[in-house]
Amino acid sequence: MPFTPLASRPHDHSRCVSHALAEAETLCARQGLRLTALRKRVLELVWQSHKPLGAYDILGVLSEEDGRRAAPPTVYRALDFLLENGLVHRIASLNAFVGCNQPEHAHQGQFLICRHCHAAIELEQAAISQAIIASAQDVGFSVESQTVEVVGLCAGCQGAA
Ligand SMILES: [Zn+2]
Ligand SMILES: [Zn+2]
Ligand SMILES: [Zn+2]
């Protein structure tokens, strides 16, 4: 049996959320970054599930919350902050964001995206990044960033199909 990641099986997701928020606090404290209430709330919203969440969804929730009439540019800036500091990744094919559970060390995002439940499972395979860099070098291309997005069915959805 292959290892089934949390994202594609039932689990106590509140632990994922508290772990992610604690990691963010630690990382920001160490790097002297300000995890403002809004940045933290946006991160928490991105982490509400393992499915990538669009900026409009985040804005929608925030606008319903009392006393937090966050203007879109403020929310986009909060997302930029989270992206720049590796706390979330952007999934271009879905135009959405997903939380990173390894924000402590720099890495390139590699995602398996389930077309059924939309969960995004992050892989961290240095071998994949290196293969991309080497292949790019072969054609004289200098890689600046790379996000690999692979579409398919997760373990949970294959069982349900
Ligand atoms: Zn979870
Ligand atoms: Zn990551
Ligand atoms: Zn799935």
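This passage walks through the three zinc sites, a pocket and a few residues of a predicted model.

Some ground rules come before the sites. Residues are numbered from 1 along each chain as its sequence is written, while chains are lettered from A and ligands numbered from 1 in the order in which they are written. Because the model is predicted, local features need pLDDT of at least 70 and side-chain atom pairs count only at pLDDT 80 or more, whereas totals for chains, interfaces and linings use all residues; side-chain values use heavy atoms, with hydrogens and water left out.

The zinc ion (ligand 1) is held by His11 (NE2), His13 (ND1), Cys16 (SG) and His50 (NE2), at 2.0 to 2.2 Å. Donors here are N, O and S atoms within 2.8 Å of the metal (3.2 Å for Na, K and Ca), and water is not among the atoms, so sites may look incomplete. Along the chain, the donor residues of this ion read H-x1-H-x2-C-x33-H. The angles among the four donor atoms run from 103 to 115°, which makes the arrangement tetrahedral (four donors with all angles between 85 and 135 degrees). His11 is partly exposed, at 26% relative accessible area, whereas His13 is buried at 16%. Buried means under 20% relative accessible area, exposed over 50%, and partly exposed in between, with a 1.4 Å probe and protein chains only.

Next comes the zinc ion (ligand 2), whose protein donors are His89 (NE2), Cys100 (SG), His107 (NE2), Glu122 (OE) and Glu122 (OE), 2.0 to 2.6 Å away. Their sequence spacing is H-x10-C-x6-H-x14-E. Since His89 sits in strand β1 (residues 88–91) and His107 in the loop between β2 and β3, the pair ties together parts 18 residues apart in sequence. Helices (H or I, at least four residues) and strands (E, at least two) are DSSP runs, numbered from the N terminus. His89 is buried, with 10% relative accessible area.

The zinc ion (ligand 3) has an all-sulfur set of donors: Cys114 (SG), Cys117 (SG), Cys154 (SG) and Cys157 (SG), at 2.3 Å. Its site is tetrahedral too, with angles of 106 to 116° among the four donor atoms, and the spacing is C-x2-C-x36-C-x2-C. Here Cys114, in strand β3 (residues 109–114), pairs up with Cys154, in the loop between β5 (147–152) and α6 (155–160), linking distant parts of the chain 40 residues apart. Cys114 is buried at 2% relative accessible area, and Cys154 is buried at 6%. Ser8, from the segment before α1 (13–31), touches Cys154 as well as Ile121, Ala155 and Gly156, leaving aside residues up to four places away in sequence; contact means heavy atoms within 4.5 Å. Ser8 itself is buried at 10%.

Away from the metals, Phe81 lies in helix α4 (residues 72–84) and is buried at 9%. Residues up to four places away aside, Phe81 touches Cys28, Leu33, Arg34, Leu35 and Arg39. Arg34 is 47 residues from Phe81 along the chain, and their C-alpha atoms are 9.7 Å apart.

Helix α5 (residues 126–138) has end C-alpha atoms 18 Å apart, which agrees with the 18 Å that its 13 residues should span, the expected span being 1.5 Å times one less than the number of residues. Gly140 follows α5 and has a positive phi, near 70°.

Note on methods:
Tetrahedral: all angles 85-135°; square planar, octahedral: opposite > 155°, others 65-115°.
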